[in-house]
Amino acid sequence: MLRYCSENGTFLPGWQDHGFSPCFLESIGPAVLLGFISVCGGIQLHVYRKHGTALSDRVKPRGCGWRIQLTLLALLPLIILFRLAVQTTVLRDHRPAGYMIVYCVVYIVALLLSILLVFLERNYMLPSIPTRGHGLVILAFWALALIFENLSFLNLKSPLWWWKLET
């Protein structure tokens, strides 16, 4: 039977052994990201559907930055799946915990919604002063994702995580 948390981990309390519990952090982080992109991105999608006008191809910005950005955004879900494969085959006992699967599914859905918003911002324009760059929702989502990923640095001394700093 698949357990939600690993054998030696629990969901609560969130702070255990000089760091966050992996079950806690990898459940809450993607849930917050998905909640943010669903609510705020849904509002942005509604505003673009109601007030947005489609841009013609000659007005859209050109450049290799767009292709690089899409390539990197498309690689993120693949990196998350690769992380799950490495965690379950190399670092653990060949059985994923439930929170690992939830992490992958929720994070990938949130990333796909962010890609949808990037396409929306590129192909539609609101009846206001045209802006350069991305909207607030995408920038805040990427900032939250960066904060979530950097919370791992707080767990360097915790024995619950897979890295060991002893020599």
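These legends go with a set of close-up views of a predicted model.

**View 1. The whole chain, before we zoom in.**
Let's start with the parts list: this predicted model has four helices and four strands. Walk along the chain from the N terminus and the elements come in the order β-β-α-β-α-α-β-α. How much of the chain is buried? Buried residues make up 35% of its 167 residues.

**View 2. Helices α1 and α3, side by side.**
Here we look at α1, which covers residues 22-51, and α3, which covers residues 98-123. Their axes lie 9 Å apart, and the angle between the two helices is about 25 degrees. An angle under 35 degrees counts as roughly parallel, so α1 and α3 are roughly parallel to each other. As for what sits in the contact of α1 with α3, sorting the residues by class gives 18 nonpolar, five polar and two charged. The crossing of α1 and α3 is left-handed.

**View 3. Helices α3 and α4, running opposite ways.**
Now keep α3 in the frame and bring in α4. This pair packs at an angle of about 150 degrees, and the axes of α3 and α4 are 10 Å apart. Anything over 145 degrees counts as roughly antiparallel, so that label fits α3 and α4. What is the handedness of the crossing of α3 and α4? That crossing is left-handed.

**View 4. The largest pocket.**
Time to look at some empty space. The largest pocket has a volume of about 790 Å³. A total of 27 residues line this pocket, and the closest to its centre are Glu121, Arg122, Thr131, Arg132 and Gly133. Which elements give two or more residues to the lining? They are α1, α2 (64-91), α3, β4 (124-125) and α4 (136-150). The top contributor to the lining of the largest pocket is α2, which gives the most with four residues. If you sort the lining of the largest pocket by class, you get 14 nonpolar, nine polar and four charged residues.

**View 5. The second largest pocket.**
Next comes the second largest pocket, which holds about 320 Å³ of space. Its lining includes Leu76, Ile79, Ile80 and Arg83, along with Tyr103, Tyr107 and Leu111. Also in the lining of the second largest pocket are Phe141, Trp142, Ala145, Leu146 and Glu149. The elements that give two or more residues to this lining are α2, α3 and α4. Which element gives the most to the lining of the second largest pocket? That is α4, with five residues. By class, the lining of this pocket has ten nonpolar, no polar and two charged residues.

**View 6. Ala97, in a loop.**
This close-up moves to the loop between α2 and α3, where you'll find Ala97. Is Ala97 buried or exposed? The cut-off for buried is under 20% relative accessible area, and Ala97 has 6% relative accessibility, so Ala97 counts as buried. Now look for Cys5: Ala97 and Cys5 are 92 residues apart along the chain, yet their C-alpha atoms are separated by 5.7 Å.

**View 7. Pro77, inside helix α2.**
Pro77 lies in helix α2. With a relative accessible area of 11%, Pro77 is buried. Try finding Ala110 as well: Pro77 and Ala110 are 33 residues apart along the chain, with 9.7 Å between their C-alpha atoms.

**View 8. Met100 with Ser6 and Thr88.**
For the last stop, use Met100 as your landmark and look for two other residues. One of them is Ser6, which lies in the segment before β1 (15-16). Ser6 has a relative accessible area of 17%, so Ser6 is buried. Along the chain, Ser6 and Met100 are 94 residues apart, while their C-alpha atoms are separated by 9.4 Å. The other residue is Thr88, whose place is in helix α2. Thr88 counts as buried too, at 11% relative accessibility. How far apart are Thr88 and Met100 in space? From C-alpha to C-alpha, Thr88 and Met100 are 9.0 Å apart, and in sequence they are twelve residues apart.

Note on methods: Residues numbered from 1 in each chain as written. Predicted model: local features only at pLDDT ≥ 70, side-chain atom pairs only at ≥ 80, totals over all residues. Heavy atoms only, no water. Axes fitted to C-alpha atoms, helices over the stretch in contact; angles between N-to-C directions. Parallel < 35°, antiparallel > 145°, perpendicular 65-115°, else oblique. Left-handed = near helix turned anticlockwise from the far one by under 90°. Nonpolar A, V, L, I, M, F, W, Y, C, P; charged D, E, K, R; others polar. 1 Å grid on protein atoms, 1.4 Å probe; cavity = no way out; pocket = protein on both sides within 12 Å on 5 of 7 lines; lining within 4 Å. Points joined across faces, edges and corners; volume = space filled by probe spheres on them. Buried < 20%, exposed > 50% of the residue type's maximum accessible area, 1.4 Å probe, protein only.
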